[in-house]
Amino acid sequence: MSKFYKVVALALSLALMMSFTACSKQGQTQSAGKISADAQYPIDTDKTLTYWVNCSKNITASVTGMGETEFAQEAEKRTGIDIEYIHPAQGQSTEQFNLLIASGDLPDIIEYGWYSFPGGPGMAIDDNYIIALNDVMKSHAPNISKYFDEHPEQAKMTQTDDGRYYVFPFMSPDPKLLSTAGPIVRMDLLEKYGMEAPVTYDDWYKMLTAFKNDGIEIPLSFNATNTHEIQQLFGVFGGYTDYYLDAETDTIKYGPFEPEFKETLTMLAKWYSEDLIDKNFTTTSTTIRDSNVLNGKVGATYASGGGQLDGWVLNAVDGVKMRSVKFPVKNVGDPGSKFKAMAYYYRMSGAAITTSCEDPGLAAKYLDYFYGDEGHMLVNFGIEGESYEMVDGKPVYTDKIMKNPDGLSMSDAMARYMRSCNSGPMIQDVGYIENRYYLQEQKDALVNWSWGSDYTQKYKLPLILPSKEEATEVADIANNVNTYRDNMILKFITGLESMDKYDSFIQQMKDYNVERGIEIQQAAYERYKNR
Amino acid sequence: MKIKESKSYKVFKFFNIIVLSLVAIISLYPMIYVLLASLSDPTEFMKHQGLLLKPVEFSFESYVQVSKHPFILSGYKSTLFVLIVGLAVNMLLTLPGAFALASKDFKYRALINKMVVFTMLFSGGMVPLFLTVKAYGLLDSYWALILPVAVNTFNLIIMRTAFASIPPSLAESATLDGASELVIMLKIALPLCMPTIAVIILYYGVQHWNAWFHAMLFIKTKTKYPLQLVLREVLVVEDTTSMTIGGDDTVGLAETVKYAVIIVSTLPILTLYPFLQRYFVKGVMVGAVKG
Amino acid sequence: MEVKNKLSRRAGSVATPPFADFIRHKWLYFMVAPLVIYYILFHYIPMFGLLVAFERYVPSKGIFGSSFIGFENFIDFFTGPFFFSRLRNTVVISLSLLIFSFPAPIILALLLNEIKSKAFRSVTQTLSYLPHFISLTVVCGMIRSFTMDNGVITDLLVNFGFERQSMLSNPDLFVSIYVISDIWQTIGWNSIIYISALTAVDQELYEAANIDGATKWQQVIHITLPSIAPTIVIMLLLRIGSILNVGYEKIILLYNPLTYDTADVLQSLIYRRGLQEFDWGYSTAAGMFNSVVNTALLILSNKISTKVSETALW
């Protein structure tokens with residue numbers, strides 16, 4: 001027996017070693033990008049900046065870190081600044097970020113979701129981790145300063161209440177970049193029944209019932225295994241589970257206290273009791289859902305346009321046609337879905353300069369490069385002639401990205417040349433998603449899902465920040481309420497709790513101090529408006 | 001010495017074999033599942049549901065993907081180094097320490113035993129440990145993966161219990177012959193406790209093999225990552241803090257690759273057990289010493 | 001500096017015993033010294049971190065610079081609306097593990113001990129510990145998929161008259177699923193220690209018992225079990241010393257908001273509250289509460305054990 005094990009172990013390690021030596025030679029391609037015309041770059045310096053940033057799996061699929069990507073090498077060449085990247089272990093970046101902060105050994109630049117820093121980004125400046133960028137932006141970062149001047153609303157999002165900038169932000173200022181997930185239905189069945197794409201909740205009910213009568217195992221497949229997914233589910237069908245901005249009165253409201261919420265809850269409970277919703281919707285995973293969809297067991301679902309929809313279109317069993325539809329509304333003629341899931345223009349992350357940085361001006365110059373015209377193209381599309389070419393004035397990916405000669409998947413190849421496929425200090429170009437969503441079905445989905453986005457935008461809670469004193473209080477309230485609320489919502493839907501208990505449910509949330517939460521959010525909103 | 005077995009004992013033996021076979025099958029299945037999944041075609045595997053009895057469209061694709069991963073080989077190297085050096089350190093501290101703590105002649109036995117057990121109940125937490133290791137200058141070094149886990153209290157107690165169960169008469173007669181405590185440990189205690197030593201070698205070995213948390217805290221250079229941290233990077237869901245846009249990946253590829261990585265990172269350690277198993281043969285050691 | 005003082009104080013207590021005892025047992029002192037140094041360096045010195053439980057901890061100010069707030073973190077933890085229900089869930093799961101999962105490896109070891117065929121025994125043994133090596137994420141993924149309303153396990157149970165349902169959505173089934181899967185994951189691995197203990201049982205005792213005409217059953221009760229009793233007692237004491245620690249990783253991978261009422265335990269509550277939001281003070285205070293309860297239970301059971309079985313942790 002032990003001999004057998006030895007042989008297997010030996011064979012395995014040999015096989016691995018061989019494949020490694022074979023692979024280590026790839027990826028040395030020299031880039032021949034054009035020399036910058038801008039007088040400012042390349043900067044003549046021998047300084048190296050240290051840069052802490054989460055490294056995407058798509059990068060480590062082929063090289064050891066961001067420093068080895070064509071993107072980083074080209075950026076170094078063009079800006080003249082050497083960057084030493086430090087990556088946290090994937091999936092552990094929150095822990096490692098906190099150790100970084102706790103240990104006091106800060107690199108020059110930290111790219112992170114600074115908006116969500118405990119106590120708010122203002123705290124990160126006050127506690128001396130990072131610097132306020134206002135001065136250094138004015139003196140060393142003309143590109144981002146110009147952008148902020150031209151887009152004051154977006155500038156406001158990336159500030160603290162007292163007007164301090166804390167990051168070179170990651171912005172996605174186009175509705176198409178913000179609604180990349182939405183409802184998807186079995187269009188082949190709708191055609192078979194002679195039904196139109198559903199518009200209202202009633203249409204959905206009719207459609208799901210038709211699916212069920214036709215023997216479709218799971219008419220509506222949905223994951224509601226955590227707070228975020230439950231919120232998504234409600235958002236699609238007209239309710240909201242958290243704070244939002246009521247556009248009519250310009251005040252903050254708490255979703256569950258409003259009548260729409262009860263309507264949605266009642267509707268979903270009815271659907272569940274009629275076997276229209278997946279019985280496993282609180283425990284299932286995307287993997288299981290994928291397999292159900294591919295086997296044609298699912299009538300309708302909610303999923304992402306890149307990674308799910310494309311996979312389903314290409315791989316589903318014969319005859320199954322999964323196609324996007326618009327977010328449903330209550331009545332025909334409604335301007336859009338009030339609470340559909342949608343990201344903010346400012347993606348709540350960006351690159352901050354730390355207090356340990358000896359030359360903040362240099363760091364600012366480096367980061368600012370990506371907000372200028374050339375840098376914008378590099379960070380969004382890579383190197384012209386290598387990863388993209390201009391066709392009719394628009395950037396189009398080359399075959400190096402679409403059909404990578406080294407066998408890399410599209411996302412893995414993109415991660416080598418650009419940062420728009422993940423995140424970074426940049427203005428994300430809408431051309432990214434138009435290229436990335438290469439199937440017609442995906443392009444249609446972008447149109448369908450971004451329908452009515454202006455309307456949704458009005459009801460979205462702006463990127464407000466609670467004050468230092470309120471931060472803990474608001475987190476405490478949210479913790480207690482969310483646990484209770486999610487538990488009760490699922491109990492109501494599955495019928496474990498009857499709707500008669502609805503009033504005591506609302507009362508309990510009030511006892512957990514939600515009204516104080518609304519007050520805090522309202523005050524924060526007033527401060528936001530005055531930024 | 002054969003004695004006639006009673007009828008009920010025969011019935012028991014029959015059912016015993018059935019029950020144990022069931023345990024073996026149920027325990028084996030997850031590993032089989034992982035192996036079969038890793039050998040399946042990534043896309044076809046996505047469509048599969050329920051039990052796996054053979055690969056879904058046999059394919060080596062996932063292993064090809066794993067072999068391209070830049071850190072698997074360096075992961076093996078780091079893990080092997082930490083395993084071998086770490087085991088040596090473990091043994092050098094645990095065996096003598098446990099022997100002394102088991103010895104009735106040791107005056108401060110009770111005090112140190114209490115001090116040891118206390119650390120199982122209370123610990124300072126992640127950040128203080130990080131700060132201390134940093135103060136000792138061990139950051140980003142393999143020693144940071146070896147020294148903080150030089151002794152496992154659980155294993156120490158197991159070893160101590162084994163030493164304590166040696167009949168005192170054996171040690172006493174050796175002392176009368178003029179043997180020092182060191183000689184008693186080496187010549188009498190260790191050979192008598194071989195089965196338990198095998199167990200703690202196994203426990204320590206597997207602990208080193210599976211360790212990732214300390215590496216996550218203390219190691220910055222990715223080429224020094226041990227295998228399990230590399231594995232974890234493959235297994236975890238991409239961080240949501242950076243708010244990545246849309247999904248990516250070819251459908252399903254990630255799933256089967258995960259399984260292939262598990263196979264690649266688990267098989268070697270499974271070979272450790274059969275080597276140690278020979279020490280579990282009934283009574284051999286006890287008999288040999290006594291005889 | 002703090003560090004050095006502590007170190008020399010501790011080391012001093014070992015290095016200056018009454019001289020005669022040291023001379024006589026010098027080897028014992030040498031053997032234990034590295035151990036003591038290890039525990040001081042890597043366990044006792046980092047324990048200054050426990051101070052965080054009494055502070056409003058700010059990383060940049062450090063543990064010694066953050067403001068002291070007394071028992072506020074503890075009060076926060078005890079007065080949270082879910083404290084008692086989560087404490088109850090923790091105790092229910094932990095006791096179920098103690099009753100069902102703790103004896104399982106002992107029984108497995110005893111059953112294996114009765115097998116005469118060496119090949120069968122070693123193969124079964126080797127296979128039984130395999131689940132221990134598969135990452136928790138994968139194991140839980142399998143459990144989730146097999147217990148869905150059309151999952152393999154559900155299908156099997158329906159044959160025995162069980163109602164078809166999504167098992168993990170049912171709060172009443174959570175503890176059973178958790179405990180049974182725990183047995184499956186740990187039975188083989190945890191039996192290793194007992195199997196090794198069984199090898200130490202003196203074979204002559206069985207031969208003598210056979211001559212006396214004792215049945216197999218009597219031999220198990222009077223020879224086998226007493227021989228491995230010290231190991232069992234030690235393992236039991238260690239288990240009691242961690243009675244409030246139900247690993248949150250597996251809980252989080254298996255639960256969902258619908259099953260919070262039975263599945264949410266103190267550790268997952270602390271995880272959501274303390275670790276995700278990096279409220280170090282809160283999570284340290286909560287951890288300290290666990291430690292204190294565990295310590296009390298351990299001291300009590302160690303005392304009982306000393307009286308009854310003469311086996312003890314200290």
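Helix axes are lines fitted to C-alpha atoms over the stretch in contact, and angles run from 0 to 180 degrees between N-to-C directions. The model is predicted: local features need pLDDT of at least 70, side-chain atom pairs count only at pLDDT 80 or more, and totals for chains, interfaces and linings use all residues. Residues are numbered from 1 along each chain as its sequence is written, and chains are lettered from A in the order in which they are written.

**Exercise 1.** Classify the crossing of H23(A) and H25(A).

*Solution.* Helices are DSSP runs (H or I, at least four residues), numbered from the N terminus.
- Step 1: the axes of H23 (residues 468-494) and H25 (residues 514-529) of chain A come within 10 Å and cross at roughly 140°.
- Step 2: angles under 35 degrees count as roughly parallel, over 145 as roughly antiparallel, 65 to 115 as roughly perpendicular and the rest as oblique. The two helices H23(A) and H25(A) are therefore oblique to each other.

**Exercise 2.** State which residues of H23(A) and H25(A) make the contact.

*Solution.* Two residues are in contact if their C-beta atoms, placed from the backbone, lie within 7 Å.
- Step 1: H23(A) supplies A:Glu470, A:Glu473, A:Val474, A:Ile477 and A:Val481.
- Step 2: H25(A) supplies A:Val514, A:Arg516, A:Gly517 and A:Ile520.

**Exercise 3.** Describe the side of chain C that touches chain B.

*Solution.*
- Step 1: 70 residues of chain C are in contact with 78 residues of chain B.
- Step 2: H3(C) gives the largest share of this side of chain C, 11 residues.
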